[in-house]
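Subject: Structure handover

Hello,

Here is the structure I promised. Please open it alongside this note; my findings follow below.

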Amino acid sequence: MDFRSTKIVRFCSLVVFAAVIVKAAPPPEAGNFVLVVHGGAGNYAGAPAEQIEARRAVITKAVQAGYGILARGGASIDAVEAALRVMEDSGLFDAGRGAYYTKEGVPELDAAIMDGRTLGAGSVASVKHIANPIHLARLVMEKTPHVLLVSAGAEEFAKSQGIELVSPYYFYNEREWDQYKRAAEAKKTSAVFRESEHGTVGAVALDQAGNLAAGTSTGGTVLKMPGRVGDSPIIGAGTYANNQSCAVSGTGVGEFFMRNIVAADICERVRYLHVPLDQAANEVVMKELVEQHGEGGVIALDRQGNVATTYNTTGMMTGTVRADGKIRLQGWSKTAEPIIVPAVK
Ligand code: ASP
(Lines give C-alpha, C1' and ligand atoms only; values in the text may rest on other atoms or scores of the structure.)
Protein backbone atom coordinates (compact mmCIF):
# COMPACT_ATOMS: atom_id res chain seq x y z
CA MET A 1 0.00 0.00 0.00
CA ASP A 2 1.51 3.38 -1.00
CA PHE A 3 1.57 6.46 1.24
CA ARG A 4 -1.54 7.97 -0.36
CA SER A 5 -3.69 4.82 0.09
CA THR A 6 -2.56 4.51 3.71
CA LYS A 7 -3.72 8.08 4.30
CA ILE A 8 -7.09 7.38 2.69
CA VAL A 9 -7.58 4.25 4.80
CA ARG A 10 -6.66 6.22 7.95
CA PHE A 11 -9.05 9.01 7.01
CA CYS A 12 -11.91 6.55 6.38
CA SER A 13 -11.28 4.81 9.72
CA LEU A 14 -11.42 8.18 11.46
CA VAL A 15 -14.71 9.06 9.80
CA VAL A 16 -16.21 5.70 10.86
CA PHE A 17 -14.82 6.13 14.38
CA ALA A 18 -16.23 9.66 14.63
CA ALA A 19 -19.60 8.48 13.36
CA VAL A 20 -19.70 5.80 16.04
CA ILE A 21 -18.80 8.34 18.76
CA VAL A 22 -21.49 10.74 17.56
CA LYS A 23 -24.11 7.99 17.37
CA ALA A 24 -23.18 6.15 20.58
CA ALA A 25 -26.04 6.18 23.08
CA PRO A 26 -25.59 8.46 26.11
CA PRO A 27 -24.86 6.67 29.41
CA PRO A 28 -27.87 5.69 31.55
CA GLU A 29 -29.13 8.35 33.94
CA ALA A 30 -28.25 7.60 37.58
CA GLY A 31 -31.24 6.72 39.75
CA ASN A 32 -33.48 6.04 36.78
CA PHE A 33 -35.30 2.72 36.73
CA VAL A 34 -38.06 1.12 34.70
CA LEU A 35 -40.00 -2.15 34.76
CA VAL A 36 -42.38 -3.33 32.05
CA VAL A 37 -44.37 -6.57 32.17
CA HIS A 38 -46.68 -8.14 29.60
CA GLY A 39 -49.41 -10.73 29.89
CA GLY A 40 -49.37 -11.89 26.27
CA ALA A 41 -50.50 -10.48 22.95
CA GLY A 42 -53.96 -11.30 21.68
CA ASN A 43 -57.46 -10.21 20.99
CA TYR A 44 -59.36 -9.35 24.15
CA ALA A 45 -62.45 -8.00 22.41
CA GLY A 46 -64.56 -11.01 23.43
CA ALA A 47 -63.02 -11.45 26.87
CA PRO A 48 -65.36 -10.86 29.83
CA ALA A 49 -64.73 -7.59 31.66
CA GLU A 50 -64.08 -9.43 34.97
CA GLN A 51 -61.33 -11.44 33.30
CA ILE A 52 -59.60 -8.32 32.01
CA GLU A 53 -59.99 -6.75 35.43
CA ALA A 54 -58.55 -9.81 37.18
CA ARG A 55 -55.55 -9.83 34.84
CA ARG A 56 -54.97 -6.13 35.34
CA ALA A 57 -54.91 -6.79 39.09
CA VAL A 58 -52.26 -9.50 38.67
CA ILE A 59 -50.16 -7.31 36.38
CA THR A 60 -50.39 -4.56 39.02
CA LYS A 61 -49.24 -6.97 41.73
CA ALA A 62 -46.39 -8.22 39.54
CA VAL A 63 -45.22 -4.68 38.80
CA GLN A 64 -45.46 -3.77 42.48
CA ALA A 65 -43.24 -6.73 43.38
CA GLY A 66 -40.60 -5.66 40.87
CA TYR A 67 -40.93 -1.97 41.73
CA GLY A 68 -40.14 -2.65 45.40
CA ILE A 69 -36.85 -4.25 44.36
CA LEU A 70 -35.85 -1.54 41.88
CA ALA A 71 -36.81 1.34 44.19
CA ARG A 72 -34.53 -0.09 46.91
CA GLY A 73 -31.67 -0.12 44.42
CA GLY A 74 -32.02 -3.87 43.69
CA ALA A 75 -30.98 -5.61 40.50
CA SER A 76 -33.08 -5.72 37.34
CA ILE A 77 -32.71 -9.51 37.16
CA ASP A 78 -34.33 -9.83 40.62
CA ALA A 79 -37.17 -7.51 39.63
CA VAL A 80 -37.85 -9.53 36.47
CA GLU A 81 -37.93 -12.82 38.37
CA ALA A 82 -40.12 -11.45 41.17
CA ALA A 83 -42.66 -9.99 38.73
CA LEU A 84 -42.87 -13.18 36.68
CA ARG A 85 -43.31 -15.42 39.70
CA VAL A 86 -46.42 -13.44 40.65
CA MET A 87 -47.83 -13.97 37.17
CA GLU A 88 -46.93 -17.68 37.07
CA ASP A 89 -48.67 -18.22 40.43
CA SER A 90 -51.84 -16.37 39.42
CA GLY A 91 -53.26 -19.02 37.09
CA LEU A 92 -54.62 -16.23 34.87
CA PHE A 93 -51.99 -16.34 32.14
CA ASP A 94 -50.45 -18.98 29.89
CA ALA A 95 -47.59 -19.57 32.30
CA GLY A 96 -47.07 -21.48 35.55
CA ARG A 97 -50.43 -22.40 37.04
CA GLY A 98 -52.45 -21.14 34.04
CA ALA A 99 -50.40 -22.87 31.31
CA TYR A 100 -52.09 -24.10 28.12
CA TYR A 101 -52.34 -27.83 27.46
CA THR A 102 -50.48 -29.86 24.89
CA LYS A 103 -52.27 -32.21 22.51
CA GLU A 104 -52.01 -34.87 25.21
CA GLY A 105 -53.73 -32.66 27.75
CA VAL A 106 -50.68 -32.02 29.94
CA PRO A 107 -49.02 -28.61 30.24
CA GLU A 108 -45.35 -28.35 29.27
CA LEU A 109 -43.68 -25.14 30.33
CA ASP A 110 -40.80 -23.07 28.97
CA ALA A 111 -39.01 -20.05 30.48
CA ALA A 112 -35.87 -17.96 30.12
CA ILE A 113 -34.10 -15.17 31.93
CA MET A 114 -31.15 -13.05 30.81
CA ASP A 115 -28.86 -10.57 32.52
CA GLY A 116 -27.85 -7.72 30.22
CA ARG A 117 -24.81 -6.82 32.32
CA THR A 118 -23.07 -10.19 32.09
CA LEU A 119 -24.94 -11.77 29.16
CA GLY A 120 -25.59 -14.62 31.59
CA ALA A 121 -28.68 -16.53 30.48
CA GLY A 122 -30.64 -19.53 31.68
CA SER A 123 -33.65 -21.35 30.32
CA VAL A 124 -35.75 -24.44 30.72
CA ALA A 125 -38.08 -26.11 28.25
CA SER A 126 -40.77 -28.81 28.28
CA VAL A 127 -40.90 -29.08 32.06
CA LYS A 128 -44.07 -30.65 33.48
CA HIS A 129 -43.58 -30.53 37.25
CA ILE A 130 -42.14 -27.10 37.96
CA ALA A 131 -44.42 -24.48 39.54
CA ASN A 132 -42.08 -21.56 38.78
CA PRO A 133 -40.08 -22.23 35.60
CA ILE A 134 -38.65 -18.69 35.69
CA HIS A 135 -36.92 -19.51 38.98
CA LEU A 136 -35.50 -22.73 37.57
CA ALA A 137 -34.24 -20.80 34.52
CA ARG A 138 -32.47 -18.44 36.90
CA LEU A 139 -30.83 -21.40 38.66
CA VAL A 140 -29.69 -22.81 35.30
CA MET A 141 -28.05 -19.44 34.65
CA GLU A 142 -26.41 -19.22 38.06
CA LYS A 143 -25.63 -22.80 39.04
CA THR A 144 -24.73 -24.59 35.81
CA PRO A 145 -22.27 -24.01 32.98
CA HIS A 146 -25.20 -24.35 30.54
CA VAL A 147 -27.86 -22.07 29.11
CA LEU A 148 -30.78 -24.42 28.36
CA LEU A 149 -31.94 -27.56 30.17
CA VAL A 150 -34.96 -29.51 28.98
CA SER A 151 -37.55 -31.91 30.26
CA ALA A 152 -36.41 -34.71 32.64
CA GLY A 153 -32.85 -33.33 32.85
CA ALA A 154 -34.15 -29.92 33.89
CA GLU A 155 -36.38 -31.53 36.52
CA GLU A 156 -33.53 -33.65 37.91
CA PHE A 157 -31.52 -30.45 38.21
CA ALA A 158 -34.48 -28.78 39.97
CA LYS A 159 -34.55 -31.61 42.53
CA SER A 160 -30.82 -31.22 43.12
CA GLN A 161 -31.51 -27.56 43.95
CA GLY A 162 -34.19 -28.44 46.49
CA ILE A 163 -37.14 -27.51 44.27
CA GLU A 164 -40.18 -29.63 44.98
CA LEU A 165 -41.71 -31.18 41.85
CA VAL A 166 -45.48 -30.66 41.55
CA SER A 167 -48.04 -33.04 40.06
CA PRO A 168 -49.50 -32.05 36.64
CA TYR A 169 -52.78 -31.51 38.55
CA TYR A 170 -51.18 -28.45 40.11
CA PHE A 171 -51.64 -26.78 36.71
CA TYR A 172 -55.28 -27.81 36.29
CA ASN A 173 -57.57 -24.90 35.67
CA GLU A 174 -61.04 -24.93 34.29
CA ARG A 175 -60.58 -22.11 31.79
CA GLU A 176 -57.64 -23.75 30.06
CA TRP A 177 -59.17 -27.22 30.24
CA ASP A 178 -62.29 -25.88 28.45
CA GLN A 179 -60.15 -24.20 25.84
CA TYR A 180 -58.23 -27.46 25.36
CA LYS A 181 -61.46 -29.41 24.86
CA ARG A 182 -62.79 -26.85 22.37
CA ALA A 183 -59.54 -26.87 20.44
CA ALA A 184 -59.37 -30.68 20.43
CA GLU A 185 -63.01 -30.91 19.24
CA ALA A 186 -62.39 -28.37 16.47
CA LYS A 187 -59.38 -30.37 15.34
CA LYS A 188 -61.46 -33.55 15.09
CA THR A 189 -64.10 -31.84 12.98
CA SER A 190 -61.54 -29.77 11.01
CA ALA A 191 -63.26 -26.61 12.26
CA VAL A 192 -60.97 -23.64 12.68
CA PHE A 193 -59.83 -23.02 16.22
CA ARG A 194 -58.12 -19.69 16.63
CA GLU A 195 -56.14 -19.05 19.73
CA SER A 196 -57.44 -15.59 20.56
CA GLU A 197 -54.82 -14.90 23.22
CA HIS A 198 -51.18 -15.67 23.73
CA GLY A 199 -51.12 -15.43 27.50
CA THR A 200 -47.36 -15.79 27.85
CA VAL A 201 -45.87 -13.51 30.49
CA GLY A 202 -42.70 -11.46 30.22
CA ALA A 203 -40.77 -8.68 31.91
CA VAL A 204 -37.94 -6.30 31.11
CA ALA A 205 -36.23 -4.07 33.65
CA LEU A 206 -33.59 -1.36 33.99
CA ASP A 207 -32.14 -0.90 37.48
CA GLN A 208 -30.57 2.14 39.13
CA ALA A 209 -27.10 0.87 38.26
CA GLY A 210 -28.07 1.01 34.58
CA ASN A 211 -28.33 -2.76 34.04
CA LEU A 212 -30.95 -4.40 31.84
CA ALA A 213 -32.61 -7.81 32.27
CA ALA A 214 -35.37 -9.75 30.51
CA GLY A 215 -37.45 -12.83 31.27
CA THR A 216 -40.31 -14.78 29.70
CA SER A 217 -42.42 -17.70 30.93
CA THR A 218 -45.04 -19.68 29.01
CA GLY A 219 -47.08 -22.81 28.53
CA GLY A 220 -46.63 -22.35 24.77
CA THR A 221 -49.44 -22.64 22.25
CA VAL A 222 -52.79 -24.43 22.63
CA LEU A 223 -52.68 -28.08 21.56
CA LYS A 224 -48.99 -27.98 20.76
CA MET A 225 -47.28 -31.29 20.07
CA PRO A 226 -45.69 -32.83 23.14
CA GLY A 227 -42.03 -31.84 23.09
CA ARG A 228 -42.66 -28.69 21.07
CA VAL A 229 -40.52 -25.81 22.32
CA GLY A 230 -41.39 -22.23 21.44
CA ASP A 231 -39.41 -19.01 21.29
CA SER A 232 -39.68 -17.98 24.95
CA PRO A 233 -36.76 -20.11 26.24
CA ILE A 234 -34.65 -19.53 23.13
CA ILE A 235 -32.19 -16.74 23.83
CA GLY A 236 -32.44 -14.18 21.05
CA ALA A 237 -35.85 -15.39 19.82
CA GLY A 238 -38.35 -14.67 22.62
CA THR A 239 -36.00 -13.34 25.28
CA TYR A 240 -32.85 -11.22 25.13
CA ALA A 241 -30.98 -8.64 27.21
CA ASN A 242 -27.72 -6.88 26.55
CA ASN A 243 -26.51 -3.65 28.18
CA GLN A 244 -25.03 -2.71 24.79
CA SER A 245 -28.47 -2.47 23.23
CA CYS A 246 -31.75 -3.42 24.91
CA ALA A 247 -33.90 -5.98 26.72
CA VAL A 248 -36.82 -7.72 25.00
CA SER A 249 -39.53 -10.23 25.90
CA GLY A 250 -41.84 -11.50 23.16
CA THR A 251 -45.24 -13.13 22.91
CA GLY A 252 -47.02 -14.65 19.93
CA VAL A 253 -46.66 -17.61 17.62
CA GLY A 254 -43.21 -18.75 18.68
CA GLU A 255 -42.23 -20.38 15.41
CA PHE A 256 -42.15 -16.92 13.74
CA PHE A 257 -40.17 -15.44 16.60
CA MET A 258 -37.63 -18.24 16.29
CA ARG A 259 -37.27 -18.02 12.52
CA ASN A 260 -36.84 -14.26 12.75
CA ILE A 261 -34.75 -14.21 15.97
CA VAL A 262 -37.06 -11.36 16.93
CA ALA A 263 -35.64 -10.27 20.29
CA ALA A 264 -32.02 -10.27 19.13
CA ASP A 265 -32.91 -8.63 15.82
CA ILE A 266 -34.51 -5.67 17.63
CA CYS A 267 -31.49 -5.27 19.91
CA GLU A 268 -28.95 -5.63 17.09
CA ARG A 269 -30.71 -2.94 15.06
CA VAL A 270 -30.36 -0.65 18.06
CA ARG A 271 -26.74 -1.63 18.55
CA TYR A 272 -25.41 -1.61 15.01
CA LEU A 273 -27.79 0.62 13.09
CA HIS A 274 -28.23 3.04 16.00
CA VAL A 275 -31.94 3.32 15.32
CA PRO A 276 -34.28 4.31 18.19
CA LEU A 277 -35.78 1.39 20.10
CA ASP A 278 -39.36 1.95 18.99
CA GLN A 279 -38.29 2.11 15.35
CA ALA A 280 -36.39 -1.18 15.68
CA ALA A 281 -39.37 -2.87 17.37
CA ASN A 282 -41.74 -1.49 14.74
CA GLU A 283 -39.65 -2.68 11.82
CA VAL A 284 -39.47 -6.20 13.20
CA VAL A 285 -42.98 -6.66 14.67
CA MET A 286 -45.11 -4.47 12.40
CA LYS A 287 -43.26 -5.07 9.16
CA GLU A 288 -41.26 -8.29 9.05
CA LEU A 289 -43.62 -10.37 11.21
CA VAL A 290 -46.73 -8.90 9.60
CA GLU A 291 -45.41 -9.73 6.12
CA GLN A 292 -45.09 -13.34 7.24
CA HIS A 293 -48.43 -13.34 9.13
CA GLY A 294 -46.52 -13.89 12.34
CA GLU A 295 -48.84 -12.79 15.10
CA GLY A 296 -47.45 -11.31 18.31
CA GLY A 297 -45.77 -8.49 20.14
CA VAL A 298 -42.85 -7.45 22.29
CA ILE A 299 -41.95 -5.27 25.21
CA ALA A 300 -38.53 -3.65 24.81
CA LEU A 301 -36.44 -1.36 27.00
CA ASP A 302 -33.08 0.35 26.55
CA ARG A 303 -30.56 1.79 29.04
CA GLN A 304 -31.90 5.31 28.62
CA GLY A 305 -35.28 4.07 29.83
CA ASN A 306 -36.99 4.20 26.43
CA VAL A 307 -39.81 1.67 26.23
CA ALA A 308 -41.52 0.07 23.22
CA THR A 309 -44.69 -1.98 23.62
CA THR A 310 -45.32 -3.07 20.06
CA TYR A 311 -47.88 -5.63 18.88
CA ASN A 312 -49.55 -6.59 15.64
CA THR A 313 -52.53 -8.16 17.41
CA THR A 314 -55.40 -6.02 18.68
CA GLY A 315 -54.10 -6.10 22.23
CA MET A 316 -51.19 -6.86 24.54
CA MET A 317 -51.74 -6.15 28.21
CA THR A 318 -48.80 -4.38 29.81
CA GLY A 319 -47.90 -2.63 33.04
CA THR A 320 -45.06 -0.09 33.15
CA VAL A 321 -43.55 1.67 36.13
CA ARG A 322 -40.78 4.24 36.49
CA ALA A 323 -39.15 5.93 39.47
CA ASP A 324 -42.24 8.18 39.90
CA GLY A 325 -44.09 5.10 41.23
CA LYS A 326 -47.07 5.32 38.87
CA ILE A 327 -48.03 2.06 37.18
CA ARG A 328 -49.45 2.55 33.71
CA LEU A 329 -51.73 -0.32 32.69
CA GLN A 330 -52.74 -0.58 29.06
CA GLY A 331 -53.11 -2.73 25.98
CA TRP A 332 -56.41 -4.61 26.40
CA SER A 333 -57.47 -2.63 23.34
CA LYS A 334 -55.59 -0.20 21.12
CA THR A 335 -57.96 2.65 21.88
CA ALA A 336 -58.59 2.25 25.62
CA GLU A 337 -57.13 4.95 27.84
CA PRO A 338 -54.37 3.69 30.15
CA ILE A 339 -55.22 3.22 33.82
CA ILE A 340 -52.75 4.65 36.33
CA VAL A 341 -52.38 3.03 39.76
CA PRO A 342 -49.79 3.58 42.51
CA ALA A 343 -46.88 1.17 42.82
CA VAL A 344 -46.85 1.45 46.59
CA LYS A 345 -50.02 0.28 48.29
N1 ASP B 1 -44.58 -17.38 22.20
C2 ASP B 1 -45.15 -18.48 22.94
C3 ASP B 1 -44.79 -19.77 22.26
O4 ASP B 1 -44.88 -19.84 21.06
C5 ASP B 1 -46.63 -18.40 23.05
C6 ASP B 1 -47.18 -17.10 23.55
O7 ASP B 1 -46.60 -16.05 23.42
O8 ASP B 1 -48.27 -17.14 24.10
O9 ASP B 1 -44.49 -20.72 22.94
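A residue counts as exposed if 12 or fewer other C-beta atoms lie within 10 Å of its own, and as partly exposed between that and the 20 or more that make it buried. Keep in mind that this is a predicted model.

Start with two backbone oddities. His-293 is not a glycine, yet its phi is positive, about 60 degrees. Is His-293 buried or exposed? It has 9 other C-beta atoms within 10 Å, so it is exposed. You will find His-293 in the loop between helix 9 and strand 9.

Ile-261 is the other case. Its phi is near 30 degrees, again positive in a residue other than glycine. Ile-261 sits in the loop that links helix 7 (254-259) and helix 8. It has 19 C-beta neighbours inside 10 Å, so it counts as partly exposed. Buried would take 20 or more.

Next, the sheet. It is open, has 4 strands in the order 7-8-9-10, and its pairing is antiparallel. Strand 7 (239-241) and strand 10 (307-311) are the edges, each pairing on one side only. From one strand to the next, the twist averages 10 degrees. Strand 9 (residues 296-302) and strand 10 run antiparallel and are joined by 5 bridges. Within that pair, Ala-300 stands opposite Ala-308 of strand 10.

Two helices go with this sheet. Helix 8 (residues 262-273) packs on it and touches strand 7, strand 8 (246-252) and strand 9. The direction of helix 8 makes about 145 degrees with that of strand 8. Helix 9 (residues 277-291) lies across strand 8, strand 9 and strand 10. It runs at about 10 degrees to strand 10.

Now the core. Nonpolar side chains tend to be buried together in soluble globular proteins. Here the largest nonpolar core holds 97 residues. Which of its members touch the most others? They are Leu-35, Ala-83, Val-248, Ile-266 and Ala-300. Take Ile-266 as an example. Leaving out residues up to four places away in sequence, Ile-266 touches Cys-246, Val-248, Ala-280, Ala-281, Val-284, Val-298 and Ala-300. Two of those contacts, Val-248 and Ala-300, are also on the list of best-connected core members.

Last, the ligand. There are 16 residues around it, and His-198, Thr-200, Gly-230, Thr-251 and Gly-254 come nearest. By type, the shell divides into 13 polar, 2 charged and 1 nonpolar.

Best wishes

Note on methods
Residues numbered from 1 in each chain as written. Predicted model: local features only at pLDDT ≥ 70, side-chain atom pairs only at ≥ 80, totals over all residues. Core = buried A, V, L, I, M, F, W, Y, C linked by C-beta atoms within 7 Å. Contact = placed C-beta atoms within 7 Å. Pairing = 2+ DSSP bridges. Axes fitted to C-alpha atoms, helices over the stretch in contact; angles between N-to-C directions. Near = placed C-beta within 6 Å. Nonpolar A, V, L, I, M, F, W, Y, C, P; charged D, E, K, R; others polar.
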